[in-house]
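User: Hi! I'm new to reading protein structures and would love a guided tour of one. Could you take me through it feature by feature?

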Amino acid sequence: MRWIIPFLLVASPAMAEGFSTQVTADFNADGIADHVALVDFGGQGQADLLLKLGDGLQTIWLQNLIWVGGVGQQPSLTVTPHGSLQMMSHNSSIGRNRWEQIHTLAWRDDAMRVVGYTYRWYDTLNLDDIGSCDLNLLTGKGEVSVGQESETRLIPVSTPAFAVQDWLFEMPPECEALFN
């Protein structure tokens with residue numbers, strides 16, 4: 001019985017570690033810094049998105065939004081040169097199916113919106129199972145490619161840019177169609 005208590009003292013912090021990453025930028029161009037964070041509070045395998053606009057009037061918290069892999073596979077946040085926010089998640093080492101997913105967020109029509117979606121994948125055993133889907137939800141245009149020898153083709157995009165609060169937890173149908 002004595003060995004259980006020391007084990008719990010050692011194991012508990014490791015189980016509760018979690019993950020977080022954050023960026024600060026003026027996304028809504030009001031001259032006040034806005035803060036964005038991805039936080040996994042430990043044990044979930046999914047990170048929450050926390051967005052706080054600098055004026056403090058709007059805070060958005062979306063739970064279990066993005067996959068958090070192990071060490072080296074955590075999601076990342078990047079501010080683009082145009083002032084948009086990109087959230088990237090990926091699986092680069094587990095199993096044979098590798099993928100990268102990028103959601104692009106930007107301030108449009110008085111709201112933070114998902115304005116772009118990119119998904120790239122490849123199978124480490126079937127070299128022809130490779131592709132990409134890149135959607136611009138603002139312009140309604142996209143590019144897809146499936147297979148090693150495939151050329152990129154343009155596609156229409158009907159999924160509109162939507163407010164972050166209305167986040168869909170699924171892949172847009174334009175990209176999902178590539179897997180059927």
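User: In what order do the elements of the chain run from the N terminus on?

Analyst: Before anything else, keep in mind that this is a predicted model. Reading from the N terminus, the order is α-β-β-β-β-β-β-β-β-β-β-β-β-α. That comes to two helices and twelve strands.

User: How do I read how strands pair up? Which sense do β2 and β3 pair in?

Analyst: The thing to look for is bridges between two strands, and the direction in which they run. β2 and β3 pair in the antiparallel sense, over five bridges. One of the partnerships you can look up is Ala37, whose bridge partner in β3 is Leu50.

User: And how many bridges join β3 and β4?

Analyst: Six, again in the antiparallel sense. Try finding Gln46, which stands opposite Trp67 in β4. The hairpin of β3 and β4 has six residues between the strands, and Gly56 takes a positive phi near 80 degrees there.

User: Where do the side chains of a strand point?

Analyst: In a regular strand they alternate between the two faces of the sheet. That's handy to remember when we turn to what is inside.

User: Okay, the inside! How many residues does the largest nonpolar core have?

Analyst: It has 37 residues. Those with the most contacts inside this core are Val36, Leu49, Met87, Leu105, Leu135, Val164 and Trp167. Strands that each supply at least two residues include β1 (19-25), β2 (34-40), β6 (85-91) and β9 (130-136). β8 gives the most, with five residues. For the chain as a whole, 40% of the 180 residues count as buried.

User: Which residues is Trp167 in contact with, leaving aside its neighbours within four places in sequence?

Analyst: The list is Leu62, Leu65, Met87, His103, Leu105, Val114 and Phe162. Two of these names, Met87 and Leu105, also turned up among the core residues with the most contacts.

User: What share of contacts comes from residues that sit 24 or more positions apart?

Analyst: Among contacts in the chain with a separation of 6 or more, those residues account for 29%. For a single example of parts of the chain coming together, take Ala29 and Trp107: they are 78 residues apart in sequence and 8.5 Å apart in space, C-alpha to C-alpha.

User: How do I read aromatic pairs? How many does the structure hold?

Analyst: You check how far apart the ring centres are and what angle the planes make. The structure holds three pairs. Trp67 and Trp99 make one that is tilted, at 5.6 Å centre to centre with 55 degrees between the planes. This pair links distant parts of the chain, since Trp67 is in strand β4 and Trp99 is in strand β7, 32 residues apart. Trp67, Trp99, Tyr119 and Trp121 form one aromatic cluster.

User: Why does Trp67 count as partly exposed?

Analyst: Because its relative accessibility is 27%, and partly exposed covers what lies between under 20% for buried and over 50% for exposed.

User: What about salt bridges? How many does a search of the whole structure find?

Analyst: Two. Here you look for side chains of opposite charge that meet. Arg96 and Asp123 do so at 2.8 Å, N to O. Arg96 is in the loop between β6 and β7 and Asp123 is in strand β8, 27 residues apart. Arg96 is partly exposed, at 37%, whereas Asp123 is buried at 4% relative accessibility.

User: And the other one: which side chains meet at 2.3 Å?

Analyst: Those of Arg120 and Glu100. Arg120 lies in strand β8 and Glu100 in strand β7, so the pair ties together parts 20 residues apart in sequence. Both are partly exposed: Arg120 has a relative accessible area of 39%, and Glu100 has 25%.

User: Last one: what should I make of a positive phi?

Analyst: Most residues other than glycine have a negative phi. Here Ala29 has a positive phi of about 55 degrees although it is not a glycine, and Asp109 has one of about 50 degrees.

User: Where do they lie, and are they buried or exposed?

Analyst: Ala29 lies in the loop between β1 and β2 and counts as exposed, at 68% relative accessibility. Asp109 lies in the loop between β7 and β8 and is exposed too, with a relative accessible area of 65%.

How values were computed: Residues are numbered from 1 along each chain as its sequence is written. This is a predicted model: local features need pLDDT of at least 70, side-chain atom pairs count only at pLDDT 80 or more; totals for chains, interfaces and linings use all residues. Side-chain values use heavy atoms; hydrogens and water are left out. A nonpolar core is a set of buried Ala, Val, Leu, Ile, Met, Phe, Trp, Tyr and Cys residues joined through side-chain atoms within 4.5 Å. Buried means under 20% relative accessible area, exposed over 50%, partly exposed in between (1.4 Å probe, protein chains only). Helices (H or I, at least four residues) and strands (E, at least two) are DSSP runs, numbered from the N terminus. Contact means heavy atoms within 4.5 Å. Two strands pair if DSSP finds at least two bridges between them. Rings of Phe, Tyr and Trp (its six-membered ring) pair if their centres lie within 6.5 Å; planes under 30 degrees apart count as stacked, over 60 as edge-to-face and the rest as tilted. A salt bridge is a side-chain nitrogen of Lys or Arg within 4 Å of a carboxyl oxygen of Asp or Glu.
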